[in-house]
Amino acid sequence: MSTPAPWPYPRWVAHRGAGKLAPENTLAAFRLGALHGYRMFECDAKLSKDGVLFLMHDATLERTTNGRGTGGDLAMGALAQLDAGSWHSRAYAGEPLPTLEALARWCLANRLQLNVEIKPTPGEEAATGRACGTLMNRIWPRDIVQPLFTSFKPEALQGARDAAPHIPRGLLVDKLADGTGDADLKIARELGCVALVLNHALWDAALVAKVHGAGLYCSSYTVNDEWAAQRLIDLGTDGIITDRVDLFSPAQDGPAL
């Protein structure tokens, strides 16, 4: 049994840029999150038809762009022409879908940290993970804190590990496989993960102790309530992903209750 070293990232992580204040996974959203003081951002990355990593959560385009169909079926040239802002509000009309490389370089230029959720189009799990690892291996300097790769898909994390074994990984879990966390912890350790990233409601004192005792970090998504955030802080969890960049101050250890 061992406990992990101190969490190397900020406690507060802005979800998809600025939560719901701007169109998710656009550079406008990340800029707005930075204006609210956030120093680490979560994003969703998937592969275009021609092998370019771009930012989008859904497999299909309809919810967050003016396109139709599966995003991964289009080349990046076509994806770049889509309007990814009008669905949110008129102020963001015409906002494009960015590449993961563009976001990563913006983070590097501004000394910000990044949590890349590998969000593959179904069937592209391993390829998307390898592409994420290859990209970050190429552009992210080794002498600074590395990005964190997370995914619900073990095959994606294995692909990232194959391409960039030095970049830390976290297993995303929405529901404990066996009710105790043991099965998910086993998968995370087999993948060489540094963290379990759980639906925030799953954490309790016993599970935090178990995960920390195994030498892994405890992170949570998506925490938008002050009381839920305070509970996680009191439990001793490490990272909190939130949409509420307007509610939680990343300069504070916890919410003002």
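**Aromatic pairs and parallel strands**

Trp 7 is buried, with a relative accessible area of 16%. That value comes from a predicted model, as does everything that follows. Tyr 217 is buried too, at a relative accessible area of 10%. Both sit under the 20% cut-off for burial.

The structure holds six aromatic pairs. A pair of rings is described by how far apart the centres are and by the angle of the planes. For Trp 7 and Tyr 217 the centres are 5.1 Å apart and the planes stand at 75 degrees, so this pair counts as edge-to-face. Trp 7 belongs to the segment before β1 (12-15), while Tyr 217 is in strand β8 (residues 217-221), so the pair ties together parts of the chain that are 210 residues apart in sequence. Tyr 9 joins in as well: ring pairs link Trp 7, Tyr 9 and Tyr 217 into a cluster.

Another edge-to-face pair is made by Phe 30 and Phe 41, with 5.7 Å from centre to centre and 80 degrees between the planes. Here the rings come from helix α1 (residues 27-35) for Phe 30 and strand β2 (residues 40-47) for Phe 41, so the parts being tied together are eleven residues apart in sequence. Phe 30 and Phe 41 are both buried.

Phe 41 also leads into the strand pairing, since its bridge partner in β4 is Leu 114. β2 and β4 run parallel and are joined by six bridges. As for β4 itself, six of its six residues are buried, so the strand is largely enclosed by the rest of the structure. Neither face is left open: Gln 113, Asn 115 and Glu 117 are buried on one side, and Leu 114, Val 116 and Ile 118 are buried on the other.

β4 pairs with β5 as well, in the parallel sense and over three bridges, and Glu 117 has Thr 150 of β5 as its bridge partner. Between these two strands the chain crosses through α4, in a β-α-β crossover that is right-handed.

Strand β5 contains Leu 148, a buried residue with a relative accessible area of 3%. Setting aside neighbours within four places in sequence, the contacts of Leu 148 include Trp 7 and Tyr 9, along with Leu 114, Asn 115 and Val 116. Met 40, Pro 168, Arg 169, Gly 170 and Val 194 are also in contact with Leu 148. Ala 78, by contrast, is 29 Å away from Leu 148, C-alpha to C-alpha, with the two positions 70 residues apart in sequence terms.

Helix α5 (residues 154-163) has Ala 156, Leu 157, Gly 159 and Ala 160 buried. Looking down the axis of α5, these buried residues fall within an arc of 155 degrees, so they line one face of the helix. What they pack against is β4 (113-118), α4 (125-139), β5 (148-151) and β6 (169-173).

From β6 the parallel pattern carries on to β7, with four bridges between the two strands; Val 173 is matched with Leu 198 in β7. β6, helix α6 (residues 182-190) and β7 make up a right-handed β-α-β unit. Four of the five residues of β7 (residues 195-199) are buried, so this strand is largely enclosed by the rest of the structure. Five bridges then join β7 to β8, again running parallel, and Ala 195 stands opposite Tyr 217 in β8. The chain gets from β7 to β8 through helix α7 (residues 205-213), in a β-α-β crossover that is right-handed.

Methods:
Residues numbered from 1 in each chain as written. Predicted model: local features only at pLDDT ≥ 70, side-chain atom pairs only at ≥ 80, totals over all residues. Heavy atoms only, no water. Buried < 20%, exposed > 50% of the residue type's maximum accessible area, 1.4 Å probe, protein only. Arc of directions from axis to C-beta. Contact = heavy atoms within 4.5 Å. Phe/Tyr/Trp six-rings, centres within 6.5 Å; stacked < 30°, edge-to-face > 60°. Pairing = 2+ DSSP bridges. Right-handed = clockwise from strand over helix to strand, strands pointing away.
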